[in-house]
Amino acid sequence: MSDFTPVSAAIGGGLIGLSAVLLMLLTGRIAGISGIFAGCLDLRMSHNGWRVAFIAGLILAPLIAGWVGYALPSPQMPASWAVVIAAGLLVGFGTRLGGGCTSGHGICGIARFSGRSITATVIFMLAAIVVVALTRHVLAG
């Protein structure tokens, strides 16, 4: 594992936790990305400013980091845009079906000792383990 960087991972995790706690303390909202993004799409909501700022920060932070000189890895994208679009739609459907995304359940829900979030996170992790095992050991040859 050449990409193992425990110090930067711990700092990043601490910052994510701190931001989730601050959002909960200051606004009473849970830092689940799917719920925040869905709120941005609901034009009837009058309090979307913080949601837009949150999503903009997720997009702009790595762009600014790259602009000031930090190396950003290039994502490995499938050759077909149809696969990208289908995957995005499936992720969106899954987050709605599961009542939230991995960030909402895994970071915020577990921290609040939510049984539903703990169950969802266990299922997310088991599914990820199965998919990685299948793609690396069965499908890869």
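A pocket here is an open set of grid points with protein on both sides within 12 Å along at least five of seven lines, and its lining residues have an atom within 4 Å of a point. Keep that handy for the exercises below, and remember that the model is predicted.

**Exercise 1. Work out the fold inventory: how many helices and strands does the chain have, and how far does the C-alpha trace span?**

Solution. Start with the elements: six helices, zero strands. Read from the N terminus, that gives α-α-α-α-α-α. Next, the dimensions: the C-alpha trace spans about 50 × 40 × 35 Å along its principal axes. Finally, check the contacts with a separation of 6 or more: 32% of them link residues 24 or more positions apart.

**Exercise 2. Find the largest nonpolar core and say which helices supply at least two of its residues.**

Solution. First, get a feel for burial: of the 141 residues in the chain, 16% are buried, with buried meaning under 20% relative accessible area. Now pick out the core, which has seven residues: A20, L23, A31, I36, C40, I55 and C108. Helix 1 (6–27) and helix 2 (33–41) each put in at least two of them. Then zoom in on I55: skipping neighbours within four places in sequence, I55 touches I33, I36, F37 and C40. As a last step, look at the outside: the accessible surface is about 10700 Å², and carbon and sulfur atoms own 74% of that.

**Exercise 3. Describe the largest pocket: what is its volume, and which residues are closest to its centre?**

Solution. The volume comes to about 460 Å³. There are 19 lining residues, and V91, G94, T95, G100 and C101 are the closest to the centre. Helix 2, helix 4 (81–97), helix 5 (102–111) and helix 6 (115–138) are the elements giving two or more residues to this lining. Sorted by class, the lining has 10 nonpolar, eight polar and one charged residue.

**Exercise 4. Do the same for the second largest pocket: which residues lie nearest its centre, and which element gives the largest share of the lining?**

Solution. Begin with the volume, about 290 Å³. The lining has 19 residues, and nearest the centre are I30, G32, G35, G99 and G100. Two or more lining residues come from each of helix 2, helix 3 (49–67), helix 4, helix 5 and helix 6. Helix 2 takes the largest share, with three residues. To finish, split the lining by class: four nonpolar, 10 polar and five charged. Gly counts as polar in this scheme, so G32, G35, G99 and G100 go in the polar pile.

Notes
Residues numbered from 1 in each chain as written. Predicted model: local features only at pLDDT ≥ 70, side-chain atom pairs only at ≥ 80, totals over all residues. Heavy atoms only, no water. Helix = DSSP H or I, 4+ residues; strand = E, 2+ residues; numbered from the N terminus. Buried < 20%, exposed > 50% of the residue type's maximum accessible area, 1.4 Å probe, protein only. Contact = heavy atoms within 4.5 Å. Areas by Shrake-Rupley, 256 points an atom, 1.4 Å probe, with all protein chains shown as cover. Core = buried A, V, L, I, M, F, W, Y, C linked by side-chain atoms within 4.5 Å. 1 Å grid on protein atoms, 1.4 Å probe; cavity = no way out; pocket = protein on both sides within 12 Å on 5 of 7 lines; lining within 4 Å. Points joined across faces, edges and corners; volume = space filled by probe spheres on them.
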